[in-house]
Each structure stands twice: as C-alpha cells, then as structure tokens.
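Colleague: Could you take one part of this model, a strand with its partners, and go through it closely? I would then like to see what lies around it in the rest of the chain.

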Amino acid sequence: MDKAVNENFIGEAPEVTSYSKASPDAGPWWHLPPSSPLAMPVQDFASPPAASVEIKRRGYWVPRTAIFAGAAVLTAAFGHELFSILSFVVITPVQFLFLILSTVAFGWIAIGSMSASLGFLPLFVGEQPDTIEPPPPTSVLTARTALLFPVYHEDPAQIAGAIEAMARELADLGRNSYFDIFVLSDTRGDDAGAKEAAVYRALSAQLEDVATVYYRRRLKNTARKSGNIADWVERFGADYQSFIILDGDSVMSGGTLVSLAAAMEADPKAGLIQTVPRLVGGETLLQRLQQFACNTYGPAVAAGLAFWHRDQGNYWGHNAIIRTAAFASAAGLPDLPGRKPFGGHIMSHDFVEAVLLQRAGFGVHMMPSLEGSYEGMPPNIIDVVARDRRWAQGNLQHLAIVSQPGLTPMGRLHLGMGAASYLISGVWALSLIVGVVLALQGQQMIPSYFRDDKTLFPIWPTIDPGAALRLFLGTMIVVLLPKALGLVLAWKQARKERNFFAAVQVTIGVLIETVYSMLIAPIFMVTQTVGSAEILAGRDSGWKPQKRNDGALTFDDAMWFARWHTAIGGIAGAIAWTVSPALLAWMSPVILGLVLAGPVSWLTSRRAGPIERWALATNEDRRPPPVLVDAGHRSRDWERKIATPGGLSAQPDAAAA
C-alpha cells in the first residue's frame with residue numbers, strides 16, 4: 001500500500017486515493033483502508049421503493065390491538081369519570097377544555113403503562129422478549145463487521161480505553177479478525193483535531209497485533225452524525241456486511257458484539273438489531289437515579305416495546321448493528337425543504353433510518369435480553385435539558401415527514417409518537433393552568449361562562465370531592481404501574497437468589513427514585529414546553545458537544561437555571577393557597593418540583609451519598625462487568641499518557657507499521 005507523506009500530513013492511503021488538498025479528510029494524521037465505495041442514493045418519502053426483501057407478517061395486529069385497545073379503555077374510563085365530575089351541574093367551556101387536555105395527557109400515560117404491562121408478562125414467567133434470537137457469543141463468524149465510533153469533541157482517553165477493552169475481549173474470543181474499528185471524527189478546529197489524532201494514532205499502533213483501528217476527521221461535518229456515517233458507507237461500506245454504531249460513552253462486551261454479528265449473518269432479512277443499553281458509570285445523584293430507573297423499570301418497558309413492535313421496531317442511534325447494503329440502498333436521507341428548525345438535514349436521523357429500512361422490507365429488531373451493552377448519561381439536569389432540546393427539535397422535525405405517502409403505518413406511528421412525547425408536556429402544562437382557572441371559578445373569583453343567551457345567571461362549577469379523589473387515585477395507579485412492575489420483577493429475582501436484603505434495597509431505591517422523579521418531572525414539563533414552543537416558533541438548537549463527566553453545578557448556577565421554574569411555582573402556589581388548601585395539596589407535587597427546581601438541580605449534580613449509592617445500586621454496580629472494569633482502567637491509563645509529555649509519542653509509529 002502506498003504511503004502519502006508530506007510536511008503536514010502522515011497517513012496510509014488507498015491505492016486509488018490521493019490525499020491532497022481536495023481530500024475530504026483533515027490532518028494531521030489519518031489511517032484508512034483502501035476505498036470500497038457503496039452507493040447510498042437519497043430516498044424520497046413520497047414514493048416508496050419496491051421492497052428489497054419480502055417479509056410475511058401475520059398476527060401482528062394482536063399485540064398492537066391489545067396495547068391500544070387497553071389504553072383506549074383506560075382513557076375512556078378516565079374521561080367518563082372526569083366528565084361526570086365536571087358536569088355535576090352542567091359542563092362549561094373551560095371545564096370541557098380541561099376534560100380534553102387531561103384526557104389526552106392520561107391517554108399518553110396509559111399507552112406507556114399498557115406497553116410495560118404486556119412486557120412484564122413474558123419476563124415474569126421467564127420467557128425472552130427478543131424479536132430475533134441472540135446467538136451464543138461463541139458463534140462462528142464468516143463476514144466482516146465494522147465498529148464505528150462517530151465522535152464530536154469527545155474525550156479521546158475514554159473512547160480509546162473503551163476500544164482497547166472491546167478489542168481485547170474480541171481477541172480473547174478468537175473473533176478479532178472479523179472486526180475493524182473506525183473512529184469517525186467531526187471535531188472542529190486544528191488544535192482539537194491534532195490532540196485527538198495523536199491519541200488514536202497511538203491507539204492504532206498499540207493494538208496493531210489485536211485489531212485494526214482506522215481514523216479520519218472530516219474537513220466539513222455536513223449533516224452532522226448522519227452525514228458522518230453516510231460518508232463511511234459511501235467510501236468503505238462495500239467491504240463490510242454490517243456495522244455497529246457506538247456513542248462516545250458506549251461500551252459493548254466482546255460476546256455481545258459476536259452475538260450481534262452472528263444474528264445478522266443468520267437472518268438475511270434483518271436490517272437492524274437494536275440492543276437495550278444499560279446505563280452505567282454514573283457518579284452524580286442524577287446519574288444514579290437514572291441508572292436505577294433504567295435498569296429496574298427498563299426491562300418491562302423494553303420487553304413491551306418488543307412485544308408490539310415485532311420486527312418493525314425503532315433505532316436509538318447507537319449500540320445497534322446495521323446491515324450495510326440494506327442501509328445504503330434504503331436509508332439515504334434527503335435534506336428537508338425550508339429553513340431550520342424544520343428544514344435542512346434530518347437531526348433525529350435514527351428514527352427515520354429505521355422507518356426507511358422498514359418500508360424497504362428489512363426487519364428492525366430489538367434484543368432486550370442481550371446483555372453486555374452499556375452507555376452513560378449526562379451528569380446534571382442542565383446538560384440533560386440541553387441534550388433534550390436537540391432531541392425535541394429532531395422529533396418535532398418529523399412532523400414534516402409523518403404525513404408523506406411513502407411511509408408504512410408503523411413508520412408513521414413511530415415518528416408521530418416521537419413528536420408527541422415532547423408535545424405532551426405542553427398538554428400537561430395547559431391542563432394545570434386550566435385546572436387553576438376552574439378552581440378560581442369554583443370560588444367565584446372569575447365569572448364562569450353563561451350556558452346560553454337565555455340564561456340569566458352564571459353556572460357555577462360544582463365538583464364532587466369524593467369522585468375527584470377516586471379519579472386521582474386511579475390516575476396514580478396507572479402512572480406508577482411501570483415502577484410497580486419493575487419492583488415485582490426485582491423482588492422475583494431476589495427471591496430466586498434467596499437474597500432478602502436485595503429486596504429491601506430495591507424497595508428503598510424505588511421509593512427514593514419515585515420521590516425524586518416527582519420533583520424532577522415538573523422541571524422537564526417546563527423546559528420541554530418552552531423548548532417545543534421555541535422550535536415551533538423557528539428557533540434552532542444548534543449542535544454543541546455533549547458533556548459526559550464533571551457535572552457538579554454551583555448553587556448559584558443551579559438557581560439561575562431554575563429562576564423561571566421557581567417563579568412559576570411560587571405564583572401557582574400562591575394562587576392555589578388563595579383558592580383553598582385542598583387545591584394547594586392537589587397541586588403540591590408540581591408546585592414543589594417547580595419551587596425546589598434550583599436546589600434539586602444542584603443536589604442531583606453532586607456525587608451521590610452513601611445511602612443513595614447503596615439504595616440505587618444496580619447489578620452492574622454490585623458486580624461490574626469485566627469489559628467495563630477493563631475500559632475504566634485503560635481509559636485512566638490513556639489519560640496518564642495524554643498528560644505526560646511524550647507519553648503518546650513513545651508508542652510505535654502507526655504510519656510506519
């Protein structure tokens with residue numbers, strides 16, 4: 001292979017490629033295989049292509065009917081009970097608006113609870129909920145798979161440690177020769193690019209006898225992450241049957257990687273297989289709360305999604321394997337017409353790519369039972385909100401796609417539910433505002449509407465407090481049902497292990513997590529409502545690097561972030577107290593969450609205390625998987641090398657290897 005060398009650039013070049021000023025890659029170093037292009041035509045949402053493969057789907061209507069019919073029954077019961085309460089005398093326009101908003105919000109919750117309930121059933125009886133069977137990690141492989149790490153101002157030490165740990169596990173299994181690793185950088189700036197390039201160059205040299213590590217940094221980060229991956233497919237995709245996407249904080253065990261590759265080889269109709277990553281590595285209280293919630297309630301939720309999605313599932317953007325040829329032929333993304341935030345490149349590309357694979361006839365699967373897939377999460381609420389703002393824009397952007405005639409019904413449902421997941425916060429907020437207006441009407445502080453022009457006197461709303469209490473309790477049961485199901489599964493596992501203390505620990509953990517989730521939920525209600533309003537008004541979120549570590553907030557920063565939450569909570573509390581103590585008690589979960597938004601944001605950004613660390617501990621905390629332990633050790637080793645002058649240059653020269 002020819003080497004391209006000049007005074008600024010050192011790299012290994014393909015036989016047919018000359019790295020010149022016209023190269024799409026930036027210096028100061030790159031390392032790439034020979035070019036193996038694969039065409040990736042842009043798709044048209046209006047006219048679907050002929051299906052690449054034909055999949056006979058029978059009986060899929062049964063679980064989907066069970067989910068939505070069950071949710072419809074619960075929602076109808078809620079709406080009927082609320083109507084009977086509001087129309088004790090006669091329903092007013094404001095009451096009717098409250099009825100509609102509250103019923104819509106409840107219906108959304110009911111869908112999630114029904115899905116988790118149906119996912120709970122197979123797990124409780126010991127069945128696997130996977131839509132495609134996971135092969136054993138000792139499976140024989142015949143095809144090559146690429147591990148892709150798209151990075152954008154990520155910590156190179158963390159990624160290098162994860163890559164090295166994963167590569168060495170593959171070597172221990174004797175399957176490392178079937179995997180190549182690509183670090184696909186979109187980092188901006190020559191200084192930042194040179195620093196990360198030095199790390200990956202040293203990593204490539206260090207793993208020379210274990211796995212091939214390639215690296216390149218794009219000169220132009222067109223279309224962000226989706227464009228980064230498309231660039232790899234079009235330049236090198238033909239050499240790989242499949243590729244596995246990993247995030248900057250992703251780690252997957254060697255056995256999991258082999259199982260995914262073997263599953264893709266075994267089913268030529270499979271286009272994508274999504275694992276369910278476990279949240280790990282958290283140190284702050286927020287991270288511990290999220291880890292506990294994901295790993296305790298998540299199995300029933302994921303099993304429920306697999307139950308009714310079947311092979312028309314979704315894609316979460318990472319920790320998944322994708323068939324390269326299927327992706328290239330079916331998932332080329334067009335730019336949407338118009339200005340940002342609805343026009344331009346597609347931000348939440350993963351949902352759309354799954355929809356395009358579905359309509360081409362490829363299966364989009366989920367493997368909830370496959371262990372060994374891990375990721376992290378942002379350390380504090382401010383960073384979560386910043387990430388959530390991007391996700392909100394990406395999901396609301398799908399409203400421009402969902403009505404296109406070239407989509408499948410299931411594809412439309414995925415895109416529509418993604419957008420609804422953010423709009424529902426606005427519905428919840430409006431229902432609370434209208435509820436306060438109703439309470440003021442009940443105290444005759446605001447004149448109610450006249451029934452018609454023949455009515456001489458206003459109709460004062462009258463509410464049955466007993467019926468209202470029954471409705472509240474019923475609503476709380478539906479809201480808390482996924483948590484209860486997760487707790488039952490944890491109790492079942494503790495009984496199987498004959499570990500009474502584990503049952504006590506998880507019970508206390510659920511209580512702690514539930515209290516904090518009730519305090520945090522109003523914070524996200526406000527931020528998602530404001531974010532959705534900004535997006536609908538045309539404000540773009542941009543693309544900023546994601547913070548993954550060192551998330552402790554100062555108290556002043558936390559209070560400044562929550563200034564509007566606190567003001568809204570204080571005003572709402574004052575109004576509720578003026579109306580009646582009963583109204584204040586009814587709204588107390590929301591009011592407390594808003595008033596305490598600053599202290600809660602500050603407290604959850606701190607390192608979790610010993611009681612929280614014990615109560616919120618997950619299986620991965622108690623028995624850390626070897627690949628995570630190894631990745632942590634190696635990441636710290638890379639940090640020392642980076643911090644030591646000459647620590648990276650001491651590695652063998654990768655370009656000369």
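Modeller: What follows starts with one strand and then moves outward to other sheets, cores and helices. This is a predicted model, in which local features need pLDDT of at least 70 and side-chain atom pairs count only at pLDDT 80 or more, while totals for chains, interfaces and linings use all residues. Residues are numbered from 1 along each chain as its sequence is written, and side-chain values use heavy atoms, with hydrogens and water left out.

The strand is β11, residues 320–323. Helices (H or I, at least four residues) and strands (E, at least two) are DSSP runs, numbered from the N terminus. In a regular strand the side chains alternate between the two faces of the sheet. In β11, A320 and I322 point one way, and I321 and R323 point the other way. All four are buried, where buried means under 20% relative accessible area, exposed over 50%, and partly exposed in between (1.4 Å probe, protein chains only).

Two strands pair if DSSP finds at least two bridges between them. Strand β7 (residues 242–245) pairs with β11 in the antiparallel sense over 4 bridges, and F243 stands opposite I322. Strand β9 (residues 270–275) also pairs with β11 in the antiparallel sense, over 3 bridges; here I273 stands opposite I321.

I322 also belongs to a nonpolar core of 29 residues, among them A230, A331 and A354. Such a core is a set of buried Ala, Val, Leu, Ile, Met, Phe, Trp, Tyr and Cys residues joined through side-chain atoms within 4.5 Å. The largest core is a separate one of 51 residues, in which L147, F149, I163 and M166 have the most contacts. Helix α3 (residues 156–172) gives the largest share of that core, 9 residues. Contact means heavy atoms within 4.5 Å. Not counting residues up to four places away in sequence, F149 touches I159, I163, M166, I181, F182, V183, L184, L246, D247 and S250.

Elsewhere, 3 strands form an open sheet of mixed pairing in the order β8-β13-β10. β8 (251–252) and β10 (278–279) stand at the edges with a single partner strand each, so one side of each is left without a neighbour in the sheet. β10 and β13 (residues 373–375) pair in the parallel sense over 2 bridges, with L279 bridged to E375 of β13.

Helix α7 (residues 285–309) holds R288. This arginine is buried, with a relative accessible area of 5%. Leaving aside neighbours within four places in sequence, R288 is in contact with G282, E283, A608, R613, L616 and D621. From R288 to P379 the C-alpha to C-alpha distance is 9.4 Å, although they are 91 residues apart in sequence.

For the whole protein chain, the secondary structure comes to 20 helices and 13 strands. Of its 657 residues, 55% are buried. Among contacts between residues at least 6 apart in sequence, 83% join residues at least 24 apart.
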